[in-house]
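Me: I would like a close look at one part of this protein. Please keep it plain and stay with what the model shows.

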Amino acid sequence: MANENNLPQDDNLTADPNHVAGEMAENADGEVNDPNMTATGAPQPQASRTDAELADLKDKYLRLAAEFENYKRRTTKERIDLFKTANQELMTALLPVLDDVERARTATATTTDATAVRDALDIVQNKLNKTLQQKGLTLMEAKGGDFDADLHEAITQIPAPSDDLKGKIVDVVEQGYYLGDKVIRHAKVVLGQ
């Protein structure tokens, strides 16, 4: 037989007889020794890659948060500018009506004729109604119709003047208006019972 003393020695076999393959060896202090680990316990090759990914994701997050803040600031400013512009457009459209009110006051200041004052008011009211209709304002037709709680506000009930007006709107105390399709003021109505 061959001499056992002449066999080549394997370094792994002489390190620790209790060590099982695939397990990490512990030193005398009970700490795990792994040649691929750093002092902090993180693997060396993956640590730099993980730190780079973390820094990249952090940068993306900060840029996204800054971009979102800029978006919120920009849309808020645009909304305020839009409201200012909308009011400016309406006010510009109402200036001729205001001029007509001033002319009517001047023309009827010295007159005692009630029909002249009434005519001046009718002209101004027609012009104002026309201007507001061009801007999307529509009068709500309520008198004689059915009561709808989404459109009307019932103030009181009175005995119906005729049988066909029972449960219907007898009188309109304050007109209701639409702006486009939206109700901007409910009609205040009197119901017949």
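Leaving aside its neighbours within four places in sequence, which residues is Val 189 in contact with?

Reply: This is a predicted model. Leaving aside its neighbours within four places in sequence, Val 189 is in contact with Ala 142, Phe 147, His 152, Glu 153, Ala 154, Ile 155, Thr 156, Ile 169, Asp 171, Val 172 and Val 173.

Val 189 also belongs to the largest nonpolar core, which has seven residues. The other members are Met 140, Ala 142, Ile 169, Val 172, Ala 187 and Leu 191. Two elements, β5 (169-174) and β8 (187-192), each give two or more residues to this core. Strand β8 provides the largest share, three residues. Ala 142, Ile 169 and Val 172 appear both among the contacts of Val 189 and in the core.

The pockets can be set beside this core. The largest pocket holds about 200 Å³ of space. Its lining consists of Ala 86, Asn 87, Glu 89, Leu 90, Leu 132, Lys 135, Leu 137, Leu 179 and Ile 184. Helix α2 (residues 44-107) gives the largest share of that lining, four residues. By class, six lining residues are nonpolar, one is polar and two are charged.

The second largest pocket holds about 160 Å³. Gln 125, Leu 128, Asn 129, Leu 132, Gln 133, Leu 137, Thr 138, Leu 139 and Tyr 177 line this second pocket. Two or more of these residues come from each of α3 (114-134) and β3 (137-139), and α3 gives the largest share, five residues. This lining has five nonpolar residues, four polar and no charged. Leu 132 and Leu 137 line the largest pocket and also the second largest.

Definitions and conventions:
Residues numbered from 1 in each chain as written. Predicted model: local features only at pLDDT ≥ 70, side-chain atom pairs only at ≥ 80, totals over all residues. Heavy atoms only, no water. 1 Å grid on protein atoms, 1.4 Å probe; cavity = no way out; pocket = protein on both sides within 12 Å on 5 of 7 lines; lining within 4 Å. Points joined across faces, edges and corners; volume = space filled by probe spheres on them. Nonpolar A, V, L, I, M, F, W, Y, C, P; charged D, E, K, R; others polar. Core = buried A, V, L, I, M, F, W, Y, C linked by side-chain atoms within 4.5 Å. Buried < 20%, exposed > 50% of the residue type's maximum accessible area, 1.4 Å probe, protein only. Contact = heavy atoms within 4.5 Å.
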